[in-house]
Amino acid sequence: MAAVGDLQFQEFDDAENLLAANRDATTISIGDPNEKPTNQRRSLGNWSRNADSDKTELLAGQRKSAAFWTFEYYQAFFDVDTYQVLDRIKGSVLPLPGKNFVRLYIRSNPDLYGPLWICTTLVFAIAISGNISNFLVHLGQPQYHYMPEFRKVTIAATAIYSYAWLVPLALWGFLMWRNSKVMNIVSYSFLEIVCVYGYSLFIYIPAAILWIIPIEWVRWITILVAMCLSGSVLVITFWPAVRDDHRRIAIATISAVLILHALLAVGCKAYFFDAPQIEVPGLSGSIASGNRTVTAVKTH
Amino acid sequence: MAEADEASKPLFAGLSDVSISEDIPVEGEITVPVGSPSHDDEYSTLDEPVKETILRDLKAVGKKFGHVMYPKKSTTLLRDWDLWGPLLLCVTLALMLQGGSADSKEDGGPQFAEVFVIIWFGSVIITLNSKLLGGTISFFQSLCVLGYCILPLTVAMIVCRLVLLGGTGTASFIVRFIVVVASFGWSTFASTAFLADSQSPNRKALVVYPVFLFYFVISWMILTFSPSHSDGATDTGP
């Protein structure tokens, strides 16, 4: 071990290359590799866990080397810790102007855990809240027989899962097509778009719980607030991808994103949550439900 | 016995001086009359009466039920996993939950197949989720734990059914609500006691949350179970 300083410097280089080959480690860009290599070698392990170190992403192209039919391929999409998921949820709810959700939180580590479980929770939240709200709305009516309405879970699941997968697919295809025509600075991978959409649906979970309150204007205000928050996150994310395009196409894309987002919310509210009846419940409500029960008995 | 030993001691005391001369041939056969034990056991499990076979499996299932009801950190559930218990519980729960409302065929409670599919499909998804997040538990061990921890919810379903026999008013709803919430907490606590050790501490919450959601959905199905009426229903609550 002669020339200890030279050997240590060489070891530090090798360690950096080894770390770059290991897809699980996030490396940082070190300005002066000469100064204090031992300290940085020790603190690399700590820095890879620090979410605040927004340094270069050397491993962006080296992920997902396994074939798509192996288990390890899909394990790469679940490589997140609890605090990362919580940070991404927080980022989807609080839009910061100028801070892109994808660049700030996802940072070349798109995960499928968030979109999967947020969509599942949303399905059950909408179905259960709709059930409770219908029960509360029809509480005083003698003809109303409580039904769990289990079929609505499957309908909610179909609607939400297709929104969470097909809309990102369409948007990604559209962006790829425009990217071939107009040189864009920013382009997102399909999984990153799925990730953004999945996390942006999180705001609808507390909104669905608030929709239990059978007051119409409360529901509309909840929709507006939810739309503003998550819609602005979507706009901030996708504006850099389309702003170099023609003005009209850019605005059309952004407004399509927002309109689909709003359509999901309004559609769920209209289908799963009965409007509270403000007219006299004894007359019209009982006639309507009486007709329903009569036809149901007849079909038996 | 002790006196006989003491009496025989002077008799055999001289045995140590006896030596066998070399021209006496020592030959013969030394056969062990008892055959290899595993060989006999294999034949005996085939030959044993059916009652014993069933009782052995039932005892194993029953022992695991005991582990679930008093959850402490033990690896028995994980080591000797079996899927008999989850199947039994799932079928019982689905049988009791089916139908639920006879007013219309469309919007009633979940049917038998739906409950069955939800429980098994949900368990598979949670197990895959746990493995994808890097858990060290095996696939069937996780299915076994999740299935066995449905036991408190099945007990709650039986209690709810009995309470519903007495009427469907607000009091019965409050009783059922308390029972279902208690058993939901018990199920979740029991399954996390078994599953939590298999995951790194950074991701424990990520694994526990889907389990929480799964048992929450099952509890919701139990709580909203309303028995079918033959007459026109006039009750005002679930």
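How far apart are the end C-alpha atoms over residues 153-177 of chain A, and what percentage of the chain there is helix? The distance is 36 Å, and the stretch is 100% helix with 0% strand. These values come from a predicted model, and the same applies to everything below.

## The two chains

Chain A contains 12 helices and 0 strands. From the N terminus on, its elements read α-α-α-α-α-α-α-α-α-α-α-α. Chain B contains 10 helices, again with 0 strands, and its pattern along the sequence is α-α-α-α-α-α-α-α-α-α.

The table sets out the bulk values for each chain.

| Chain | Residues | Buried | Accessible surface | Share from carbon and sulfur atoms |
|---|---|---|---|---|
| Chain A | 300 residues | 43% | about 15900 Å² | 66% |
| Chain B | 238 residues | 39% | about 13800 Å² | 67% |

Contacts can also be sorted by separation along the sequence. Taking contacts in chain A between residues at least 6 apart in sequence, 78% join residues at least 24 apart. With the same lower limit in chain B, 75% of the contacts join residues at least 24 apart.

## Annotated transmembrane regions

In an unreviewed entry, UniProt gives the feature "transmembrane region" for residues 112-133, 153-177, 189-214, 220-242 and 249-273 of chain A. The span 153-177 of chain A, with which this report opened, is one of these. Another is 249-273 of chain A, where the model has 96% helix and 0% strand, and the end C-alpha atoms are 35 Å apart.

For chain B, the UniProt record (unreviewed entry) lists "transmembrane region" at residues 81-100, 112-133, 145-167, 173-195 and 207-225. Within residues 112-133 of chain B the model is 95% helix and 0% strand, with 32 Å between the end C-alpha atoms. Residues 173-195 of chain B are 100% helix and 0% strand, and their end C-alpha atoms lie 32 Å apart.

## Helix 8 of chain A and Ser92(A)

Helix 8 of chain A covers residues 190-200, and 10 of its 11 residues are buried, so this helix is largely enclosed by the rest of the structure. The buried residues of helix 8 are Leu191(A), Glu192(A), Ile193(A), Val194(A), Cys195(A), Val196(A), Tyr197(A), Gly198(A), Tyr199(A) and Ser200(A).

Two of these, Tyr199(A) and Ser200(A), are touched by Ser92(A). Ser92(A) itself sits in helix 4 (residues 82-93) of chain A. Is Ser92(A) buried or exposed? Its relative accessibility is 2%, and the cut-off for buried is under 20%, so Ser92(A) counts as buried.

Leaving out residues up to four places away in sequence, the contacts of Ser92(A) also include Phe101(A), Phe202(A), Leu229(A), Ser230(A) and Val233(A). Arg178(A) lies 86 residues from Ser92(A) in sequence, and the two are 26 Å apart in space, C-alpha to C-alpha.

## Cavities

How many cavities of 30 Å³ or more does the structure hold? There are 8.

The largest cavity has a volume of about 190 Å³. It is lined by 22 residues, of which Pro148(A), Glu149(A), Phe150(A), Val153(A) and Trp220(B) are the closest to its centre. The elements that each give two or more residues to this lining are helix 6 (113-137) and helix 7 (151-181) of chain A, together with helix 10 (204-223) of chain B. Helix 6 of chain A gives the most, with 6 residues. Sorted by class, the lining of the largest cavity has 14 nonpolar, 6 polar and 2 charged residues.

The second largest cavity has a volume of about 80 Å³. Its lining consists of Gly91(A), Leu94(A), Pro95(A), Leu96(A), Lys99(A), Phe101(A), Leu104(A), Tyr105(A), Val233(A), Ile236(A) and Thr237(A). Helix 5 (101-106) and helix 10 (216-242) of chain A each contribute at least two residues to the lining of the second largest cavity. By class, this lining has 8 nonpolar, 2 polar and 1 charged residues. Phe101(A) and Val233(A), which line the second largest cavity, are also among the residues touched by Ser92(A).

How values were computed:
Residues are numbered from 1 along each chain as its sequence is written. Chains are lettered from A and ligands numbered from 1 in the order in which they are written. This is a predicted model: local features need pLDDT of at least 70, side-chain atom pairs count only at pLDDT 80 or more; totals for chains, interfaces and linings use all residues. Side-chain values use heavy atoms; hydrogens and water are left out. Helices (H or I, at least four residues) and strands (E, at least two) are DSSP runs, numbered from the N terminus. Buried means under 20% relative accessible area, exposed over 50%, partly exposed in between (1.4 Å probe, protein chains only). Contact means heavy atoms within 4.5 Å. Accessible areas come from the Shrake-Rupley method with a 1.4 Å probe; for residues, only the protein chains shown count as cover. On a 1 Å grid over the protein atoms alone, a cavity is a set of points where a 1.4 Å probe fits but cannot get out, and a pocket is an open set with protein on both sides within 12 Å along at least five of seven lines; lining residues have an atom within 4 Å of a point. Grid points are joined across faces, edges and corners, and a volume is the space filled by probe spheres set on the points. Ala, Val, Leu, Ile, Met, Phe, Trp, Tyr, Cys and Pro count as nonpolar, Asp, Glu, Lys and Arg as charged, and the others, Gly among them, as polar. UniProt positions are given in the numbering used here, feature names are shortened, and annotations may be inferred rather than shown by experiment.
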